[in-house]
Amino acid sequence: MMSQPPRKIMWVIQALSMILFALVSAVVPQWAFAFFLLYFIVFMAVMFKLTSKGMKPPPKSELGSPVFKESNPVNAMMYDKYLNAELKKQMTMMMLNFMLLFFVFILWSIYQGYIGPLIVSIIGEYTENEVVMRFIYFLGMYAFFFGVMQGLRFLLFRGSDMQTFLFARIGFEVYRKGVMIDNRQFITFNEDVCFEPNPDRKFVELRSRSNKNMKIRLYTLETGKLADKLGEAGVSECQV
């Protein structure tokens, strides 16, 4: 399944990033924008690598013959009357997250007009070093942005089911070692993976015991047979 860094590690990375951004903005402000751009490119590349770790399909020669194959999952999706509502909910959450980015411009005006000058006046009583003052100024700005944005996300999404799911659109093949999704992603079976059948909605859901937020749905009209084949491949049913 997809792997993501633990939440505590992400918090540490974000804190160190704010300190690094503030340091660059204070010492070499002319290079700040280029540094931010390079940082986010590298950060997104690393996160993509971590997220997709273990999903690269192995050679067909190593997989053998599939024990189950579904070439038309869309047919089964038509029986899931809740799918459209779930997809719409996921899209709404994504749009809200995107729209929050525009709120940064309002926060920038507030910080420059009120909070920033207050911080400068307080720090000015203890030091006249311009680099130190700029560092604290920018550190306060990034901390302010981060704190407000996290608070807004919490208020918007509290009580909401933030779980997301992926599903095969073209088809999938189940092997002894894992499942091939749409001929481009491979989920390796291990002790972390379990499955939950849902015959009423015509899918079997692969879940991660360590990452409760990500699920992979395998839509098929033969949910009972698929569950049996997963069990034969060594995947156990999830315990509620």
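Here a visitor asks a guide how the labels used for this predicted model are earned.

Visitor: What makes the chain more spread out than a compact globule?

Guide: Start with its parts: the chain has 8 helices and 9 strands. Its radius of gyration is 24 Å, well over the 18 Å that the globule rule gives for 240 residues, so the chain counts as more spread out than a compact globule. The C-alpha trace spans about 75 × 40 × 30 Å along its principal axes.

Visitor: Why is Asp182 called buried?

Guide: Buried means under 20% relative accessible area. Asp182 has 10%, so the label fits. You'll find Asp182 in the loop between strand E4 (178-181) and strand E5 (185-188). Leaving aside residues up to four places away in sequence, Asp182 touches Phe167, Ala168, Arg169, Ile170 and Gly171.

Visitor: How do you know that Asp182 has no salt bridge?

Guide: A salt bridge needs a side-chain nitrogen of Lys or Arg within 4 Å of a carboxyl oxygen of Asp or Glu. For Asp182, the nearest side chain of opposite charge is Arg184, and that one is 4.3 Å away. The cut-off is 4 Å, so Asp182 and Arg184 don't qualify.

Visitor: And what is the nearest side chain of opposite charge to Glu70?

Guide: That's Lys225, 9.3 Å away, and Glu70 is buried yet has no salt bridge. Glu70 sits in strand E1 (residues 68-70). A polar atom of the Glu70 side chain does lie 2.9 Å from the backbone nitrogen of Asn72. The cut-off for a polar contact is 3.5 Å, so that distance falls inside it.

Visitor: Why is Lys202 called partly exposed?

Guide: Partly exposed covers the range between under 20% and over 50%. Lys202 comes in at 23% relative accessibility, so it lands in that range. Lys202 is in the loop between strand E6 (193-198) and strand E7 (203-208). Its phi is near 65°, a positive value in a residue other than glycine.

Visitor: What makes Arg134 and Glu130 a salt bridge?

Guide: Their side chains meet at 3.7 Å, N to O. The limit is 4 Å, so the pair passes. Arg134 and Glu130 are 4 residues apart in helix H7 (residues 130-157), which separates them by about one helical turn. Arg134 is partly exposed at 29%, while Glu130, with 57%, is exposed.

Visitor: What does the salt bridge between Arg217 and Glu205 tie together?

Guide: First, the closest N and O atoms of Arg217 and Glu205 are 2.9 Å apart. Arg217 lies in strand E8 (residues 214-219) and Glu205 in strand E7, so this pair ties together parts that are 12 residues apart in sequence. Both Arg217 and Glu205 are buried.

Visitor: How do you know that Lys229 and Glu232 are about one turn of the helix apart?

Guide: Both lie in helix H8 (residues 223-232), 3 residues apart. They form a salt bridge too, with the closest N and O atoms 3.7 Å apart. Lys229 is partly exposed at 22%, and Glu232 is partly exposed at 46%.

Visitor: Which residues do salt bridges that share partners join into one network?

Guide: Asp80, Glu86, Arg201, Glu205, Arg207, Lys215 and Arg217. The count of salt bridges comes to 10.

Note on methods. Residues numbered from 1 in each chain as written. Predicted model: local features only at pLDDT ≥ 70, side-chain atom pairs only at ≥ 80, totals over all residues. Heavy atoms only, no water. Helix = DSSP H or I, 4+ residues; strand = E, 2+ residues; numbered from the N terminus. Buried < 20%, exposed > 50% of the residue type's maximum accessible area, 1.4 Å probe, protein only. Lys, Arg positive; Asp, Glu negative; His and termini not counted. Polar contact = N/O pair within 3.5 Å; in protein donor to acceptor, adjacent residues only side chain to side chain. Rg over C-alpha atoms; globule rule 2.2 N^0.38 Å. Contact = heavy atoms within 4.5 Å.
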